[in-house]
Number of protein chains: 2
Amino acid sequence: MARTREFDMDLVLERSLSAFWMRGFEGASIRDLVEATGLKAQSLYNAFGDKRGLFLAALARYRAHVSESLTPLGAPGAGLAELSQYLETFLSVLRAQGVSACLLVKTAFGEQTSDPEIRALVTASGAAVRAAFSAVIAASVARGEARADLDPKHAAAYLFTVLHGLSALSHTGGTSADVQASIVETFGALRAPCKRPSKRPSKRSSNRQRRTT
Amino acid sequence: MARTREFDMDLVLERSLSAFWMRGFEGASIRDLVEATGLKAQSLYNAFGDKRGLFLAALARYRAHVSESLTPLGAPGAGLAELSQYLETFLSVLRAQGVSACLLVKTAFGEQTSDPEIRALVTASGAAVRAAFSAVIAASVARGEARADLDPKHAAAYLFTVLHGLSALSHTGGTSADVQASIVETFGALRAPCKRPSKRPSKRSSNRQRRTT
DNA sequence: GAAATAATGGATCGTTCGTTCAAGAATTTG
DNA sequence: CAAATTCTTGAACGAACGATCCATTATTTC
């Protein structure tokens, strides 16, 4: 009955996401998006309604990427090592994408904060990440790997704080050594004191011992 | 020989700063700034050259505020309690100003990152904050209040990370309890183990004991 | 008071913004 | 094939952007 779409919707969303991520919602003009996607403006408007609709679609896509990135944390034995790995991977993705920070954080810091739908999406995504963190931390506590007195929810919030604070650090003159040291410090704070060695030795380098005296 | 300026330069700068802080560089239009300052566009251009010039002036002013906020940390006996207080004060300032995050961080995450002068200003300000943190931490280590194995510079970077990560947390659905817990966790990580009681008891509530077993 | 200088107010510049119009091209269903 | 429907294309819309012009007003120095 109707003509079929010629462009690859996935590719268009991915490229729109990249443009929004790099330049922000207001910073990415329709012309930027036209260039990034290869589509004409009218095609974008046919498919997404308006700029905000395209942004929401891109944001949903981003959210899917976030969910995907959390899957290693869903593994049965996931613990502090996997959390540390998550941070490292996240930072390297930012670097690879040529982007200063998480799109959700940039959005939360931006001026489209007044939009309730966008705000809800940002909040929900943040909560999803912290929930995944929390589950892993709870398991680590149960396993004796993480401190027994940790509240998993709060510890997850703490980890979330560090995760996104690292972007602020590295873009205001912080060196990569500073970033690494912050990660080490963070997991040093979460790890259980070395009374009894934890069952699975962490495979990454972020296991400097605290309490050396 | 010439007419004297009628407007209060300090006030204009302060209001411009506020506008830029809330809406960002690109988000704050000349008309916004005209409304915020009460000046006409031409007066702004006479005084600051262009929008970027006004932003640089506002940024310099912000930097002065940052320096000023660091003075309590310069007190002879300043330690972890003062650092904790600094974080709390900073967050309450953000709240009072109706702003999501530090202007420097918002700028660093924004799109005017390519401007070398702005970038340099952001980097320098971040370094100044971390240097102040570092000095206090070094003193705390020497006093036995903070962990002996801390590298003050790295610990300062860690604190900086948390400080700005907290904005990300609280604007992506994190509760104030989450924020408080993150602060507690952070200073718990820095504080020396309770082998010997620290000389000056910290006056704030953020001194939950670690190592309870 | 006269000359010089700067602030003011209002209009307006060219550009870019997000968005839409109108017409042709393409593809599916009957 | 024909009708219906959607996509594509290029041009254009009004509004807002940063920035500037210009005549007027006010103030300071000589």
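Copies of a chain are superposed here by least squares on the C-alpha atoms of residues with pLDDT of at least 70 in both. What you're looking at is a predicted model, where local features need pLDDT of at least 70 and side-chain atom pairs count only at pLDDT 80 or more, while totals for chains, interfaces and linings use all residues. Residues are numbered from 1 along each chain as its sequence is written, and chains are lettered from A and ligands numbered from 1 in the order in which they are written.

**View 1. The axis between chains A and B.** Two copies of a chain are related by a rotation about an axis and a shift along it. Here, turning by 180 degrees with 0.0 Å of shift along the axis lays chain A on chain B, with an RMSD of 0.0 Å. That is the relation of a two-fold axis. Want a landmark? Look for A:G165, the residue of chain A that comes closest to the rotation axis, with its C-alpha at 1.8 Å.

**View 2. Where chain A touches chain B.** Two residues are in contact if their C-beta atoms, placed from the backbone, lie within 7 Å. By that rule, 48 residues of chain A are in contact with 49 residues of chain B. On chain A's side, α6 (103-109), α7, α8 and α9 each supply at least two residues, and α8(A) gives the most, with 13. The residues on this side split into 20 nonpolar, 19 polar and nine charged. (Ala, Val, Leu, Ile, Met, Phe, Trp, Tyr, Cys and Pro count as nonpolar, Asp, Glu, Lys and Arg as charged, and the others, Gly among them, as polar.) The copies meet through the same surface, because 100% of the interface residues of chain A are also interface residues in chain B.

**View 3. Chain A by itself.** Chain A has nine helices and zero strands. (Helices are DSSP runs of H or I, at least four residues, and strands are runs of E, at least two, numbered from the N terminus.) Buried residues make up 41% of its 213 residues, where buried means that 20 or more other C-beta atoms, placed from the backbone, lie within 10 Å of a residue's own.

**View 4. A closer look at helix α5 of chain A.** The 18 residues of α5(A), 80-97, should span 26 Å at 1.5 Å a residue, and the end C-alpha atoms are indeed 26 Å apart. (The expected span is 1.5 Å times one less than the number of residues.) Its buried residues are A:L80, A:A81, A:L83, A:S84 and A:Y86. What covers them includes α7 (116-143), α8 (152-170) and α9 (176-190) of chain A. Right after α5(A) comes A:G98, with a positive phi near 65 degrees.

How values were computed
Buried ≥ 20, exposed ≤ 12 C-beta atoms within 10 Å, placed from the backbone.
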